[in-house]
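Trainee: I have the model open. Can we go through the labels and test each one against its cut-off?

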Amino acid sequence: MALQLCCDERTKNLIVASVCMSMCMMAVYPASSVQNVALAESTNIDLNVGYYSEIVKYVACILVGFIFHPFYKLVGIKVTAATTILLITGGFWVMIWIVNEAVIYFGYFLSGLGAGALWIIWPMTVMDNSEESQAQRNMGYWWMAEALGPTVGALINYFYFQNVTTISSENRVMLYSICCAITVIAALVATITVTDITKSSARHRPLKQDEITYVEIDEKGQKKEYEADVQVLVGKSEEKAGVPSPTQPDEANAAEWFRRMARTKEFWILLLPLIYWGFIWGYFMKMLPTATASISNRRDMIPLTTLVSGAAMLIGATSWNFVARCFNNTVCIILATVMQFIAITLSILIFPKNAASEIVEVGTAETYIKPDNIYLVVIAGLIGLADSGVSIIYYTVAGRVYGSGTSLGFSVNNNGFCVFYIVSMFAPSLFDLHSYCYCMFGAVLLMCLSLTVGLRRFMH
């Protein structure tokens, strides 16, 4: 009976993590994609404030990486989840009642605190409630739910913006009010339903000496019978062949966890794909929607790109695991890399060079080929489909590397992503859109090599 209850609790937590993430993304993605154009067309505030507010938001995300672990340990998962989701609404309220730039920055700082914690708590919940053999499958289901959110949110916005050629104040207020309502409901769902399988006070205690064993790992991730260069500390109850699983740290040994992980090359290699995410998502979330306004007078094309990308992520979440079973994760990453290269190349061909920093009159700027809405659909679809595969595999690999230290490990990931996303938000002020695309080529290639070569023993 106790075992069945435990299984039921784990399944419930997986569902809650999926539903809450889906609802939050239903609000966050459409709101973020529209912000720059909404500022330019419905206020007297420059659209570049949208980029700068993202910088403020992700500075807050970095701060979360340092405070999430002790806050979660202190208050538990219910309060952490509810607080995380409610903070996200800070960026919505300030777009409903726009006072000045400073208030927008403050609201996005609050939103950043919530967004940063969001990408720590729910992947952590999925990994902590999954058996090792089902971790990648469950991460795929979670990513499917995450993709469903922006798809539904963008679908609503797409119909709302039908026949709209300029975003008015009324359009802006309605959009962000809906986003606020969805997010508050998600916070209530999390507060009522999510539970800690192992109470916070227990899951962060250091392992006792009789719970510890030293396992020697060779280059292929297998236990050695002879002298090893590196020994990895793991708990007996969590020991998996070839996968280091450090003890879940508390305040006393968090530094020891970092010191031990920093001695492994996998810890540092895991940070390299974060460059890819910073640049790809900076482009997709802010630059692509802004540039869309320079090649099309239809404002419903902005949510359409999010809709197509979300649908592609949803398809990817159901199909990448199938591809991995037929071939392997390395093949998945290579395919995703090719898709991203095609999307970036199309972006260079159809967008004016200055389309990320200003809205130019349609048809007045020089492009390599004649822009068409179908190219926007292809770009959004390829980015969404490719990134869903990369994300499922990356988070699964990261969970295997971090072992039971998921809250600290995913905090590190969150900070790394935020740093590179912030860098991407400076780009429109420093160089043109085409130069940014060339940087994305390098970031995508680095991601591919990091996973297929540097982390290959954790890819299976």
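Trainee: What makes lysine 12 count as partly exposed?

Mentor: First, the ground rules. This is a predicted model, where local features need pLDDT of at least 70, side-chain atom pairs count only at pLDDT 80 or more, and totals for chains, interfaces and linings use all residues. Residues are numbered from 1 along each chain as its sequence is written, and side-chain values use heavy atoms, with hydrogens and water left out. Now the label. Buried means under 20% relative accessible area, exposed means over 50%, and partly exposed is in between (1.4 Å probe, protein chains only). Lysine 12 has 27% relative accessibility, so it is partly exposed.

Trainee: Why is the pair of glutamate 9 and lysine 12 called a salt bridge?

Mentor: The term needs a side-chain nitrogen of Lys or Arg within 4 Å of a carboxyl oxygen of Asp or Glu. Here the closest N and O atoms are 3.3 Å apart, so the pair meets the definition. Glutamate 9 is also partly exposed, at 25%. The two residues are three apart in helix H1, about one helical turn. Helices here are DSSP runs (H or I, at least four residues), numbered from the N terminus.

Trainee: How many salt bridges are there in the whole structure?

Mentor: Four. One of them joins glutamate 41 and arginine 299, with closest N and O atoms 2.8 Å apart. Glutamate 41 lies in helix H1 and arginine 299 in the loop between H10 and H11, so the pair ties together parts 258 residues apart in sequence. Arginine 299 is buried at 5%, whereas glutamate 41 is partly exposed at 23%.

Trainee: Why does aspartate 300 count as buried?

Mentor: Its relative accessibility is 3%, and the limit is under 20%. Aspartate 300 sits in the loop between helix H10 (273-292) and helix H11 (301-326). Its side chain forms a salt bridge with arginine 298 (3.1 Å, N to O). Arginine 298 itself is partly exposed, at 38%.

Trainee: What joins the side chains of aspartate 300 and glutamine 162?

Mentor: A polar contact of 2.9 Å. The term covers a pair of N or O atoms within 3.5 Å; within protein, one must be able to donate a hydrogen and the other to accept it, and residues adjacent in sequence count only if both atoms are side-chain atoms. The distance fits within that limit.

Trainee: How do you know that the span of helix H6 agrees with expectation?

Mentor: The expected span is 1.5 Å times one less than the number of residues. For the 25 residues of H6 (169-193) that gives 36 Å, and the end C-alpha atoms are 37 Å apart, which agrees.
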